[in-house]
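Take a walk through this model, one residue environment at a time. Keep the structure open and follow along.

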Amino acid sequence: METQSKLGVGGKISYGLGAVGKDMVYMLSASYVLYYFQDILGVSAAAMGVILLVARIFDAFNDPIMGVVVAKTKTRWGKFRPWLLIGTLTNAVFLYLMFAAPPSLDGAGLVAYAAVTYIMWGVTYTMMDIPYWSMIPAFTNGGKERENLTTLARSCAGVGSAIISILTMVVVPFLGKKFGGVVPEALVSRYPGQQWIEFNGFRIFTLIVAILFIVFTILTCIGVKEKSNVDMKTASIGDMFKALVQNDQAMTVVVTIVVINVALYITSNLMIYFVKYDLGGLNWNGDYALFNTVGGGTQILAMMLLYPLLRNLCKLNNIKIFYVSVWMSIIGYIGILVMSMAGINNIVPFLIPGVLVMASAGMNNVIITVFLANTVDYGELKNNRRDESVIFSMQTFVVKLASGISAFIASLALQFLNLKNVAEEADEAGSAVSEAIDFSLGVSAGSKMGLRMVMTLIPIAGLIFALLWFKKRYILTDQKVEEIAQEVKARKSSSEAPSEN
C-alpha cells in the first residue's frame, strides 16, 4: 500500500462531524422509538418488544454481510464513501418515516408500519456505519495517527449521543406546541393533550436531525479522501462462533458484556417512564434531560479520568477495577430502588445513584475492550491462530444483541404494567393544548412499584450473575497476560528461526 500523507485538521474535523451526526441518529432511535410508538401512538408494548428484538438480532447478523459487500466494492470514489453516502441518505429517510407515522393509522397497520420502518432503519444504518469505521485505514498511516483519529471519532460520537440525550425531551414539546397545530377533531380522543404535542414535536425534531445527519456525512465525504485501495478484513458469523467455541476466555468476556449491557439498557429504556409516570411533576421533561446530562457527562469523565485514576494512581489491576465498577452499579441501583420506595419524587437525589451507574458504564467500556484484547493472545497460544479481527468485531454484535434483549424485556414490563392506559385519565383531565401535565397522578401504586422493581432488581440480578460468571471463569490476570505474551513471542521466534541441517 502506498504511504498516505498525514491527515490534516480539516480532514479530522470532517471525519469527526460524521461521527456526531451518525450517533445523533443512533441515539434518537435507540432511546425513543419504543416511547414514540408505545406511549404516544399506542402500539402494544409486547408487539414493540418483538419488533425491537427481531430487528436488532437481524441487524447484528447483517453487519458481517455488509462488511463483505463493502470489501468487494470498487469505484472511482473508493469502496467506502459511496456506501457511506448511500447509507446516510436512505437511513435519514427511514429515520424520518419512523418518527412521522400517519396520525390516523392504528391497529395492525400501525404495527406493520413500525416493524417495516424500524427494520429498514437498522439495515440502512448498518449500510453507512460499517464503511464509516472501516475506512480509517484508507486515509491514515496507522500507529499513533490511526489511534488518535479513532479516539477523536469515538469522542465525537459521544457528543452526538449527548446532544440527543440532553435536548430531545426539551425540544420536542417546544416544537410540537409551536408548530404542531391543533389536533383534528376526529383524533382528539386518540391524542389528548400532551400526546399530540409530542407526536408533532418528534416529527419536526427528527427532520432536523436527519438533515444535519446528511450535511455532516457530505462534509465527511468531501473532507476525507480515500488515497489508496485498502484490504478490508471481514468476519462472518461462523468465524465469530468458531472463535468463541475454541476460546473459553473470549466466551467468558462476551457473555459478561451481554449481561452487563442488558442490565444497563433495561434501565435506560425504562428511565423515561420512571421520570414521567413515577416521579411525575409538571416539569418531567426537564428532569429527564437533567438526569441524562449528568449521566452522560459522568460516563465520559469515568472513561477519561476515573479509570486512569484507579489504574495508575491507585495501582489497581483491571480485574479489581471491574469488580469495583460492578459493585458501584449495584449500589447505584439499590439507591434508586430505596429512594423511590421512600416516596422521593425530586430528581436531584436520584442523580447520586445515577452517577454511580453511569460511571460504572463508562469504566466498563474501557475495561471490557482490554479484556477482549487479552483473549486474542490467549487464543493464539491455545489454538495457534490469531483471531484479532474476529474477536473485536464481536463488540458490535453483542451490543446489538444486548440492545434487542433489553428492549424486549422492557417492552414486556410495560405491557404488564399498562402505564399508558392508567395515565390517560390524567391527560384527558387536562386541556387539549395543555403544555404541562403531571402524568403520575393517573398511575396506580402497583404500576409504580412494578416499574421500580423491573428497572432495578432485574439489572441487579444480571450484574451479580455477570460478576460470579466472570470471577469463576476469567483467568487472564496481568501476570498471566504477560506470561502468555512471552510464550507467543517465543513461539514466533522459534518458528521464524532458520532450521539447522
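A residue counts as buried when its relative accessible area is under 20%, and as exposed when that value is over 50%. Cys-221 has a relative accessible area of 12%, so Cys-221 is buried. Cys-314 comes out at 42% relative accessibility, and therefore counts as partly exposed. The structure holds zero disulfides. Note that this is a predicted model.

Now go to the interior. The largest nonpolar core has 145 residues. Within this core, Phe-37 and Tyr-273 touch the most other members. Helix H8, residues 248-279, gives the most to the core, with 19 residues. Which residues does Tyr-273 contact, leaving aside its neighbours within four places in sequence? Its partners are Leu-34, Tyr-35, Gln-38, Asp-39, Asp-278, Leu-414, Leu-419 and Leu-451. That list holds charged and polar residues such as Asp-39 and Gln-38, as well as leucines.

Leu-34 leads on to the next stop. Ser-411 also touches Leu-34. Ser-411 lies in helix H12, which spans residues 388-417. Its relative accessibility is 0%, so Ser-411 counts as buried. Where does the side chain of Ser-411 reach? It goes to the backbone oxygen of Ala-407, at 2.7 Å. Beyond four places in sequence, Ser-411 touches Ala-45, Ala-46, Met-48, Gly-49 and Leu-52 in addition to Leu-34.

Thr-220 is another buried residue with a hydroxyl group to place. Thr-220 counts as buried because its relative accessibility is 1%. Thr-220 is part of helix H6, residues 194-223. A polar atom of the Thr-220 side chain lies 2.7 Å from the backbone oxygen of Ser-14. Ser-14 is also among the contacts of Thr-220 outside its own stretch of sequence, along with Tyr-15, Leu-17, Gly-18 and Leu-84.

Tyr-15 brings in the aromatic rings. A search of the whole structure finds 28 aromatic pairs. One of them joins Tyr-15 and Tyr-132. The ring centres are 4.3 Å apart and the planes are at 5 degrees, so the pair is stacked. Tyr-15 lies in helix H1 (residues 9-40) and Tyr-132 in helix H4 (residues 107-134), so the pair ties together parts that are 117 residues apart in sequence. Both Tyr-15 and Tyr-132 are buried.

Phe-322 and Phe-371 form an edge-to-face pair. Here the centres are 5.9 Å apart, with 75 degrees between the planes. Phe-322 belongs to helix H10 (residues 318-341) and Phe-371 to helix H11 (residues 347-383), so this pair ties together parts 49 residues apart in sequence. Phe-322 has 0% relative accessibility and therefore counts as buried. Phe-371, at 1%, counts as buried because of that low value.

A ring can also meet a charge. The charged end of Arg-473 sits over the ring of Trp-469, 4.0 Å from its centre.

Finish in helix H14, residues 445-473, where Gly-462 has its place. Gly-462 is at 16% relative accessibility, so Gly-462 counts as buried. What separates the C-alpha atoms of Gly-462 and Val-262 in space? The gap is 7.9 Å, although the two residues are 200 residues apart along the chain.

Terms used:
Residues are numbered from 1 along each chain as its sequence is written. This is a predicted model: local features need pLDDT of at least 70, side-chain atom pairs count only at pLDDT 80 or more; totals for chains, interfaces and linings use all residues. Side-chain values use heavy atoms; hydrogens and water are left out. A nonpolar core is a set of buried Ala, Val, Leu, Ile, Met, Phe, Trp, Tyr and Cys residues joined through side-chain atoms within 4.5 Å. Buried means under 20% relative accessible area, exposed over 50%, partly exposed in between (1.4 Å probe, protein chains only). Helices (H or I, at least four residues) and strands (E, at least two) are DSSP runs, numbered from the N terminus. Contact means heavy atoms within 4.5 Å. A polar contact is a pair of N or O atoms within 3.5 Å; within protein, one must be able to donate a hydrogen and the other to accept it, and residues adjacent in sequence count only if both atoms are side-chain atoms. Rings of Phe, Tyr and Trp (its six-membered ring) pair if their centres lie within 6.5 Å; planes under 30 degrees apart count as stacked, over 60 as edge-to-face and the rest as tilted. A charge sits over a ring if NZ of Lys or CZ of Arg is within 6 Å of the ring centre and within 35 degrees of the ring normal. A disulfide is a pair of cysteine sulfur atoms within 2.5 Å.
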